[in-house]
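Me: I'd like a close look at one part of this model, the sheet in the protein and the helix that goes with it. Can you walk me through that part and then show me how the rest of the assembly fits around it?

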There are 2 protein chains.
Amino acid sequence: MNQNDELPLSLRAAYHGLHRRSETAFAQYGVTADQFVLLATLARGDALTQRELAARMPSDPSTVRAMLLLLEKRGLIQRNTHPTDGRARTVALTKAGRRTFQQVWDAGQPIRDQMRSRLSPEEATMLVSLLRRVTESLASIPPDTARMLVDNGSYESGL
Amino acid sequence: MNQNDELPLSLRAAYHGLHRRSETAFAQYGVTADQFVLLATLARGDALTQRELAARMPSDPSTVRAMLLLLEKRGLIQRNTHPTDGRARTVALTKAGRRTFQQVWDAGQPIRDQMRSRLSPEEATMLVSLLRRVTESLASIPPDTARMLVDNGSYESGL
DNA sequence: TATTGTTATACTCTATAACTATA
DNA sequence: TATAGTTATAGAGTATAACAATA
């Protein structure tokens with residue numbers, strides 16, 4: 001195990017810290033950190049179908065449905081029939097959902113500030129950029145196919 | 001919401017991708033991604049107490065206990081009484097635990113390779129360094145105290 | 001045929017609070 | 001008094017498989 005293999009654990013530790021702090025800060029609003037991500041995704045793109053919502057979070061459609069049931073029961077989101085696709089349902093924030101989202105967003109500002117407190121603006125931008133590339137790398141192979149990476153970083157076959 | 005606020009979501013997306021891929025790759029060994037982190041922590045420092053283990057993962061002592069019960073039932077770890085502290089219990093990998101850890105470690109190698117496939121060695125090092133600083137920043141205030149950050153990134157009071 | 005969502009189900013992780021035993 | 005761990009308990013997220021309705 002060399003230093004190159006520290007990336008997964010350092011990624012996990014950073015995320016875990018963020019998640020924990022968020023849960024604590026959001027608890028007074030009765031919203032979990034993951035529910036906040038769902039609300040934030042809707043705030044950026046209302047009237048998504050459940051599948052689009054799951055893809056953007058990212059999360060699993062089945063997981064998203066379970067979360068939507070909880071949020072619907074609390075009156076923060078509502079699901080409507082899709083205008084052109086009878087199978088699909090669109091999801092939107094209710095008025096209460098928008099208000100709660102804004103409150104939780106504000107409650108999270110100290111955490112976001114603190115995350116960047118030891119980073120210069122350039123470093124923060126760099127970090128986001130590096131994280132995106134990692135995410136893209138991990139998404140580039142279907143999870144159920146195991147192919148060997150070759151030395152130059154491309155794949156032996158497929159795609 | 002400006003671009004500076006993308007850090008939390010990009011961190012989450014990267015971690016989520018890693019977690020998902022890991023769950024899939026580890027499933028054949030009956031080990032979850034989080035259990036793997038626990039095994040890896042023990043592989044680096046055997047005979048930790050449960051609290052030390054929780055602190056290093058990082059995770060919650062109560063969460064760790066639940067995980068340990070599962071792993072103990074599967075024969076991958078064992079808990080012994082601490083040599084000098086009668087309250088504490090030390091946790092160690094069993095022989096089967098070491099073997100399973102090695103297998104799962106190997107099964108995860110393609111994922112680790114892939115994470116770094118679009119990063120230069122320098123960028124990978126930089127990413128780990130930035131993530132560590134974020135983790136440290138987030139850990140520097142107890143989660144149950146809300147203090148305002150001031151402009152220079154230090155705190156109005158405390159510490 | 002493929003896709004969207006539902007239903008039923010199960011498991012893991014997470015965490016709190018009250019408790020016992022030991023330091 | 002403080003700390004390590006246990007017990008009981010609850011909730012949330014995760015995911016799979018079989019299914020119905022629609023494209």
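Reply: Let's start with helix 2 of chain A, residues 33-44, which lies across strand 1, strand 2 and strand 3 of that chain. Its direction makes about 100 degrees with strand 3 of chain A. Keep in mind that this is a predicted model.

Now the sheet under discussion. In chain A, 3 strands make an open sheet, in the order 1-3-2, with antiparallel pairing. The edges are strand 1 (48-49) and strand 2 (77-81) of chain A, each of which pairs on one side only. Strand 1 of chain A is joined to strand 3 of chain A, residues 89-93, by 2 bridges, and the two run antiparallel. If you want a spot to click on, A:Leu48 stands opposite A:Val91 in strand 3 of chain A.

Leading into strand 1, there's a backbone detail to look at. A:Ala47 sits in the loop between helix 2 and strand 1 of chain A. A:Ala47 isn't a glycine, yet its phi is positive, at about 65 degrees.

Going on along the chain, another loop has its own quirk. The peptide bond joining A:Met57 and A:Pro58 is cis, with omega about -10 degrees. A:Pro58 belongs to the loop between helix 3 and helix 4 of chain A. Chain B has a cis bond from B:Met57 to B:Pro58, with omega near -10 degrees, and B:Pro58 is in the loop between helix 3 and helix 4 of chain B.

That brings us to the other copy. A rotation of 180 degrees, with 0.0 Å of shift along its axis, puts chain B on chain A with an RMSD of 0.0 Å. The two copies are thus related as by a two-fold rotation axis. Of the interface residues of chain B, 100% are also interface residues in chain A, so the copies meet through the same surface.

So what does the sheet look like in chain B? Its 3 strands form an open sheet in the order 1-3-2, paired antiparallel. Strand 1 (48-49) and strand 2 (77-81) of chain B are the edge strands, each pairing on one side only. Helix 2 of chain B packs on this sheet and touches strand 1, strand 2 and strand 3 of chain B, at about 100 degrees to the direction of strand 3. Between strand 1 and strand 3 (residues 89-93) of chain B there are 2 bridges in the antiparallel sense, and B:Thr49 stands opposite B:Thr90 in strand 3.

Next, the DNA. Around DNA strand C there are 24 residues, and the closest are A:Arg51, A:Arg65, A:Arg89, B:Thr32 and B:Thr63. Of the atoms of DNA strand C that come within 4 Å of the protein, sugar and phosphate account for 75%. Look at the side chains: an N or O atom of A:Gln50 is 3.0 Å from a phosphate oxygen of DNA strand C, and one of A:Arg51 is 2.9 Å from a phosphate oxygen of that strand. A:Arg87 goes for a base instead, with a side-chain N or O atom 2.8 Å from a base oxygen of DNA strand C. The elements giving two or more residues to the surface near DNA strand C are helix 1 (6-26) and helix 3 (50-56) of chain A together with helix 2 (33-44) and helix 4 (61-73) of chain B. Helix 4 of chain B gives the largest share, 5 residues. By class, this surface has 4 nonpolar, 10 polar and 10 charged residues.

Over at DNA strand D, the nearest of the 24 residues around it are A:Thr32, A:Thr63, B:Arg51, B:Arg65 and B:Arg89. Sugar or phosphate makes up 74% of the atoms of DNA strand D within 4 Å of the protein, and the rest belong to bases. The side chain of A:Thr32 has an N or O atom 2.6 Å from a phosphate oxygen of DNA strand D, and for B:Arg51 the distance to a phosphate oxygen is 2.8 Å. A:Arg87 turns up here too, with a side-chain N or O atom 3.5 Å from a sugar or linking oxygen of DNA strand D.

That takes us back to the helix we began with. Helix 2 and helix 4 (61-73) of chain A, together with helix 1 (6-26) and helix 3 (50-56) of chain B, each supply at least two residues of the surface near DNA strand D. Helix 4 of chain A gives the most, 5 residues. And helix 2 of chain A, one of those contributors, is the one lying across the three strands of its own sheet.

Key:
Residues are numbered from 1 along each chain as its sequence is written. Chains are lettered from A and ligands numbered from 1 in the order in which they are written. This is a predicted model: local features need pLDDT of at least 70, side-chain atom pairs count only at pLDDT 80 or more; totals for chains, interfaces and linings use all residues. Side-chain values use heavy atoms; hydrogens and water are left out. Copies are superposed by least squares on the C-alpha atoms of residues with pLDDT of at least 70 in both. Contact means heavy atoms within 4.5 Å. A residue is near a molecule or strand if one of its heavy atoms lies within 4 Å of it. A polar contact is a pair of N or O atoms within 3.5 Å; within protein, one must be able to donate a hydrogen and the other to accept it, and residues adjacent in sequence count only if both atoms are side-chain atoms. Helices (H or I, at least four residues) and strands (E, at least two) are DSSP runs, numbered from the N terminus. Ala, Val, Leu, Ile, Met, Phe, Trp, Tyr, Cys and Pro count as nonpolar, Asp, Glu, Lys and Arg as charged, and the others, Gly among them, as polar. Two strands pair if DSSP finds at least two bridges between them. Axes are lines fitted to C-alpha atoms, for helices over the stretch in contact, and angles run from 0 to 180 degrees between N-to-C directions.
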